[in-house]
Amino acid sequence: MDTLSYKTVSANKATVSKEWVHIDAEGQTLGRLSSVAAILLRGKRKPSFTPHVDCGDNVIITNASKINLTGKKWTDKSYIRHTGYPGGQRSLTAQELYDKNPERLIEKAIKGMLPKNKLGAAIFRNLKVYAGAEHNQDAQQPKTINLNEFK
């Protein structure tokens, strides 16, 4: 006789319901925008969240070139990488990275908030960032989210 009145349901790739979400980054702060996007990508607000499954939504971020950073972060925040050779450490300030590629600034912030494993890499592929207001995902009919009303 089954004494449990409920069963724990674990989502899998076939049972996950993914949606397309659009976020406008104009006038938004980088960290707050990135944390909301990471939560949506991971799917942590869904009742069917399962930690080992990609059950989050696909996120489109437009107007990446109109993002804000507070304080002195434009000059003091640095992004460090290494070439792999001795003495090969290179760094860019946030302003230099923004001037080269404004989308990369948002991508780096969101990637740092995702798991550091194969699942995190798979989740990161669900993110599309564009510098301007136009995007190529009109056919997916994304739902627009206002970050000021997001709880």
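In what order do the elements of the chain run from the N terminus on? In this predicted model, the order is β-α-β-α-β-β-α-α-α-β-β. The chain thus described has five helices and six strands. Its C-alpha atoms fill a box of roughly 65 × 40 × 30 Å along the principal axes.

Four of the strands form an open sheet with parallel pairing, in the order β5-β2-β1-β6. The edges of this sheet are β5, covering residues 127-129, and β6, covering residues 143-145, and each of these strands pairs on one side only. Direction ignored, neighbouring strands of the sheet are turned by 25° against each other on average. Strand β1, which spans residues 20-24, is joined to β6 in the parallel sense by three bridges. Within this pairing, Ile23 has Ile145 of β6 as its bridge partner.

Two helices can be described in relation to these strands. Helix α1, formed by residues 30-42, packs on the sheet and touches β1, β2 (58-62), β5 and β6. The direction of α1 makes about 155° with that of β2. Helix α4 lies across β2 and β5, and its course is at about 155° to β5.

The strands β3 and β4 are paired with each other in the antiparallel sense, over five bridges. Together β3 and β4 make a hairpin, with six residues between the two strands. In the turn of this hairpin, Gly84 has a positive phi of about 105°. Among the paired positions, Ser78 stands opposite Thr93 in β4.

Side chains of opposite charge can pair when their charged atoms come close. The count of salt bridges in the model comes to four. One of them joins the side chains of Glu19 and Lys143, with an N to O distance of 3.7 Å. Because Glu19 lies in the segment before β1 and Lys143 in strand β6, this pair ties together parts that are 124 residues apart in sequence.

The surface pockets were examined next. The largest pocket holds about 200 Å³ of space. Its lining draws two or more residues from each of β3 (78-82), β4 (89-93), α3 (94-100) and α4 (102-111). The lining residues are Tyr79, Ile80, Arg81, Arg90, Ser91, Leu92, Leu97, Lys100, Asn101, Arg104 and Lys108. By class, four residues of this lining are nonpolar, two are polar and five are charged. The two strands of the hairpin are therefore among the elements that contribute to the largest pocket, as is α4, the helix that lies across β2 and β5.

The second largest pocket contains about 150 Å³ of space. Lys13, Val16, Lys18, His52, Val53, Asp54 and Leu119 line this pocket. Three of these residues are nonpolar, one is polar and three are charged.

Notes. Residues numbered from 1 in each chain as written. Predicted model: local features only at pLDDT ≥ 70, side-chain atom pairs only at ≥ 80, totals over all residues. Heavy atoms only, no water. 1 Å grid on protein atoms, 1.4 Å probe; cavity = no way out; pocket = protein on both sides within 12 Å on 5 of 7 lines; lining within 4 Å. Points joined across faces, edges and corners; volume = space filled by probe spheres on them. Nonpolar A, V, L, I, M, F, W, Y, C, P; charged D, E, K, R; others polar. Pairing = 2+ DSSP bridges. Axes fitted to C-alpha atoms, helices over the stretch in contact; angles between N-to-C directions. Contact = heavy atoms within 4.5 Å.
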